[in-house]
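Please open the structure in a viewer and keep the selection tool at hand. The tour proceeds by stops, each stating what to select and what is found there.

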Amino acid sequence: MPSADFMILLAVLLPPTALQTLGEFVEERTINTPYGEVGPLALRMPAAGPAVWIAPYTGLPDRTDPRATIFAARELGVRRVLGWELGVGVNPLLEPGALAIAGDYIDWTRHQPSTFVERRRTDFDADALALRPAFCPQMTAAVAEVAPGAAGCVYLAADGPRRETGAEARLYRQWGVDVLGQNLVPEVALAQELGLCFAGLITIGAVAADRPQPPHRGEIRASLHATLDVLPACLRLLAGPTMCDCAA
């Protein structure tokens, strides 16, 4: 049975034919978990490099329970998860089409379960997890290597589909937030609990509500395809043993 160490949570708009860049379609699978059904997931195998599971994703409140998604990744033998989404540029330097890599986050969600841990458990060391980087350093470095123009960012996660108000955008900027999104948190925290590496990649699709909205001239589509083109190289960089503490 084919397997893969990698999964991409794909929360960007791409035509299915574009995914050929990640390899030929091999199989489709749905996984049943204690938190619900996940799928269909598509396995793609490139001519050179590691195979990868593709999970179409959305940050809407009615999406699949994030616990189910991360649990399914582990059931498939996945060790590394990359979340890729369209986000909102809070930092005025981030215009539509820019690429950002999440380095830390603020969880401003209200309706998504953010842990696998039940209150009665006493063997969960939250302090140990808190001392580790929020996003996998090895994966983050690999993404930065293949996309050197990408900016590191502080990511704020909020519940969709409502966008931020102008006042909220100004508040987030005072907090040091660069990007606002809906698809990387609580997934990153859940992956950390299960010992999976997780990295967050954001293509800026809009600017914050308190900024003038620039007209779109195809820069977002061009950025998405340029990023897709470098992802196979990123997966090749990460093939082999992990050199991080995510699974410690």
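A residue is called buried when its relative accessible area is under 20%, exposed when that area is over 50%, and partly exposed in between. Please bear in mind throughout that the model is predicted.

**First stop: the cysteines**

Select cysteine 244. Is this residue buried or exposed? Its relative accessibility is 19%, which is under the 20% limit, so cysteine 244 counts as buried. Now add cysteine 136, which is also buried, with a relative accessible area of 2%.

How many disulfides does a search of the whole structure find? The search finds zero. A disulfide is a covalent bond between the sulfur atoms of two cysteines. For cysteine 136, the nearest cysteine sulfur belongs to cysteine 197 and is 3.7 Å away. For cysteine 244, the nearest cysteine sulfur is likewise that of cysteine 197, at 3.4 Å. A pair counts as a disulfide when the sulfur atoms are within 2.5 Å, and therefore neither the 3.7 Å separation nor the 3.4 Å separation qualifies.

**Second stop: helix 3**

Select residues 137–146, which make up helix 3. Colour Gln138, Met139, Thr140, Ala142, Val143 and Val146, which are buried. Then display what covers these buried residues: the cover includes strand 5 (80–89), strand 6, strand 9 (197–207) and helix 6 (219–238).

**Third stop: two cis peptide bonds**

Move to glycine 39 and proline 40. The peptide bond from glycine 39 to proline 40 is cis, with omega near 5°. Proline 40 has its place in strand 3, residues 36–45.

Next, select glycine 160 and proline 161. These residues are also joined by a cis peptide bond, with omega about 0°. Proline 161 is located in the loop between strand 7 and helix 4.

**Fourth stop: glutamate 164**

Remain in the loop between strand 7 (151–157) and helix 4 (166–174), where glutamate 164 is found. Glutamate 164 counts as buried because its relative accessibility is 7%. Which side chain makes a polar contact with the side chain of glutamate 164? It is the side chain of arginine 163, at 2.7 Å. In addition, a polar atom of the glutamate 164 side chain lies 2.7 Å from the backbone nitrogen of alanine 209. Now show the surroundings of glutamate 164: leaving aside neighbours within four places in sequence, its contacts include Val88, Tyr172, Leu180 and Val207.

**Fifth stop: leucine 94**

Select leucine 94, in the loop between strand 5 and strand 6. With a relative accessibility of 8%, leucine 94 counts as buried. Beyond its neighbours within four places in sequence, leucine 94 is in contact with several residues, among them Ala151, Val179, Ile204 and Arg211. Draw a distance from the C-alpha atom of leucine 94 to that of arginine 173: the two are separated by 12 Å, although their positions lie 79 residues apart along the chain.

**Sixth stop: salt bridges**

How many salt bridges does a search of the whole structure find? It finds seven; three are visited here.

- Select arginine 29 and glutamate 27. They form a salt bridge whose closest N and O atoms are 2.7 Å apart. Both residues are buried.
- Select arginine 211 and glutamate 95. Their side chains meet in a salt bridge of 2.9 Å, N to O. This pair links distant parts of the chain, 116 residues apart: arginine 211 is in the loop between strand 9 and helix 6, and glutamate 95 is in the loop between strand 5 and strand 6. Arginine 211 counts as buried at 13% relative accessibility, whereas glutamate 95, at 36%, counts as partly exposed.
- Select arginine 173 and aspartate 210. Their closest N and O atoms are 2.8 Å apart in a salt bridge. Arginine 173 lies in helix 4 and aspartate 210 in the loop between strand 9 and helix 6, so this pair ties together parts that are 37 residues apart in sequence. Arginine 173 is partly exposed, with a relative accessible area of 27%, and aspartate 210 is partly exposed as well, at 25%.

**Last stop: a nonpolar patch**

Finally, switch to a surface view and select Trp108, Leu171 and Trp175. Together they form a nonpolar patch on the surface, with about 270 Å² of accessible area. Tryptophan 108 lies in the loop between strand 6 (99–107) and helix 2 (126–130). Its relative accessibility is 32%, and tryptophan 108 therefore counts as partly exposed.

Conventions. Residues are numbered from 1 along each chain as its sequence is written. This is a predicted model: local features need pLDDT of at least 70, side-chain atom pairs count only at pLDDT 80 or more; totals for chains, interfaces and linings use all residues. Side-chain values use heavy atoms; hydrogens and water are left out. Patches are made of residues with over 30% relative accessible area and no salt bridge: like charges are joined within 9 Å, nonpolar side chains (Val, Leu, Ile, Met, Phe, Trp, Tyr) within 5 Å. Accessible areas come from the Shrake-Rupley method with a 1.4 Å probe; for residues, only the protein chains shown count as cover. A salt bridge is a side-chain nitrogen of Lys or Arg within 4 Å of a carboxyl oxygen of Asp or Glu. Helices (H or I, at least four residues) and strands (E, at least two) are DSSP runs, numbered from the N terminus. Buried means under 20% relative accessible area, exposed over 50%, partly exposed in between (1.4 Å probe, protein chains only). A polar contact is a pair of N or O atoms within 3.5 Å; within protein, one must be able to donate a hydrogen and the other to accept it, and residues adjacent in sequence count only if both atoms are side-chain atoms. Contact means heavy atoms within 4.5 Å.
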